[in-house]
Amino acid sequence: MIREFWDHNHLHQKQEIWPVGNTYTNHWEAPTYLVSVDDATLRGSGINLKRSIWNAAQETMEDWTGEDLAPCAMYGIRVYTNGSIL
């Protein structure tokens, strides 16, 4: 499902705008892009995709963390460019 979403939409990446002073990535040197699962203009986006991703990942993430988890936020596929530092 994620691969299909990517295949249909990877050419519609949008550059992310980070707040001033944000240092999660070195976005000022190597911009990041997002293919958002919430972007209604993208084929296959929306709540059904988000539910499918959560349902596929929940057990693995709970096993990894040892916690019961609930869905809270999902953005999409982030693309890091050459030179990105996390």
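## Arg-78 and Glu-16

In this predicted model, Arg-78 has a relative accessibility of 32% and therefore counts as partly exposed. Its salt-bridge partner is Glu-16, and 2.7 Å separates the closest N and O atoms of the two residues. The contact joins distant parts of the chain, the two residues being 62 positions apart. Arg-78 belongs to strand S3 (residues 76-80), whereas Glu-16 sits in the loop between strand S1 (14-15) and strand S2 (32-36).

Glu-16 has a relative accessibility of 15%. Because buried means under 20%, Glu-16 counts as buried.

## Arg-3 and Asp-7

A further salt bridge lies within helix H1 (residues 2-9), which holds both Arg-3 and Asp-7. Their side chains meet at 3.0 Å, taken from N to O. Four residues separate the pair along the sequence, about one turn of the helix.

Arg-3 is exposed, with a relative accessibility of 61%. Asp-7, at 41%, is classed as partly exposed.

## Asp-38 and Lys-50

Asp-38 and Lys-50 also form a salt bridge, with 3.0 Å between the closest N and O atoms. Asp-38 is located in the loop between S2 and helix H2 (47-65) and Lys-50 in helix H2, so this pair ties together parts twelve residues apart in sequence. The relative accessible area of Asp-38 is 47%, which makes this residue partly exposed.

## Overall count

The model contains four salt bridges under the criterion applied. Among them are Arg-78 with Glu-16, Arg-3 with Asp-7, and Asp-38 with Lys-50.

Methods:
Residues are numbered from 1 along each chain as its sequence is written. This is a predicted model: local features need pLDDT of at least 70, side-chain atom pairs count only at pLDDT 80 or more; totals for chains, interfaces and linings use all residues. Side-chain values use heavy atoms; hydrogens and water are left out. Buried means under 20% relative accessible area, exposed over 50%, partly exposed in between (1.4 Å probe, protein chains only).
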